[in-house]
Amino acid sequence: MTQFAIINEVHKTLEIKKSQFICWLKTVDSREDAMAFLAIAKQTYPDARHHCWAYVMGANAQSQTAAMSDDGEPSGTAGKPILNVLQHKPVNNIMAIVIRYFGGIKLGAGGLVRAYSQSVEQAFSEAELAPIVPVDSFTAKFDFAQEQWVRHQLDLLNGTILDVEYAESVTMTGLIPSEGLQQLQNAIASKSIDLVIEE
């Protein structure tokens with residue numbers, strides 16, 4: 001399944017029975033990044049009763065880490081529903097914070113679960129998603145006469161050149177989308193080019 005990254009930060013407010021649920025959605029790359037984002041939310045809404053949150057991080061389901069907080073709401077009524085929504089989206093490295101202003105009408109446990117879930121779902125509807133394309137690093141060594149040909153092959157496969165060193169031969173390092181790796185290897189098989197793929 002294709003994974004996506006959120007390329008915009010989303011702020012969306014949902015009102016239920018006079019309570020306001022303000023959802024912030026953002027890409028985060030580390031726990032430190034997530035906690036800094038939470039600190040900003042708390043500074044922005046210092047008088048809010050609750051700053052509930054959850055995040056999901058990792059390259060895939062096997063290496064995924066997750067955390068959540070009910071921040072004073074009844075156990076399991078805020079952090080878990082937020083996390084549940086995130087885990088069912090094709091997005092990793094994401095955090096949702098739902099800031100709640102109590103409106104005076106109790107929603108009950110079921111009502112809170114629905115409100116927190118709905119708040120995150122609503123924010124997601126405004127998120128701009130970009131597919132994450134897996135890439136491999138490569139180093140190629142070749143004669144000067146082959147440089148234009150190599151550059152052309154990389155252009156065809158949406159490769160990215162990171163560095164080129166000129167000595168007795170040309171040493172080029174870069175990135176190639178994983179799906180184009182076999183094509184690149186096939187194309188250079190007929191040439192005397194030394195290609196190393198770094199896992």
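A cavity here is a set of points, on a 1 Å grid over the protein atoms alone, where a 1.4 Å probe fits but cannot get out, and its volume is the space filled by probe spheres set on the points, which are joined across faces, edges and corners. The model is predicted, so that local features need pLDDT of at least 70 and side-chain atom pairs count only at pLDDT 80 or more, while totals for chains, interfaces and linings use all residues. Residues are numbered from 1 along each chain as its sequence is written, and side-chain values use heavy atoms, with hydrogens and water left out.

Searching the whole structure yields one cavity of 30 Å³ or more, and the volume of the largest cavity is about 50 Å³. Its lining (residues with an atom within 4 Å of a point) consists of F138, A140, F142, V150, L154, L184, I188, I193 and L195. Two or more of these residues come from each of β8 (135–142), α4 (147–156) and α5 (181–189), where helices (H or I, at least four residues) and strands (E, at least two) are DSSP runs numbered from the N terminus. The largest share, three residues, is supplied by β8. By class, the lining has nine nonpolar, no polar and no charged residues, with Ala, Val, Leu, Ile, Met, Phe, Trp, Tyr, Cys and Pro counted as nonpolar, Asp, Glu, Lys and Arg as charged, and the others, Gly among them, as polar.

Elsewhere, a pair of helices can be followed through its contact (heavy atoms within 4.5 Å), in which P81, I82, V85 and L86 of α2 meet V113, Y116, S117, V120, E121 and F124 of α3. Eight nonpolar, one polar and one charged residues make up this contact of α2 with α3.

How values were computed:
On a 1 Å grid over the protein atoms alone, a cavity is a set of points where a 1.4 Å probe fits but cannot get out, and a pocket is an open set with protein on both sides within 12 Å along at least five of seven lines; lining residues have an atom within 4 Å of a point.
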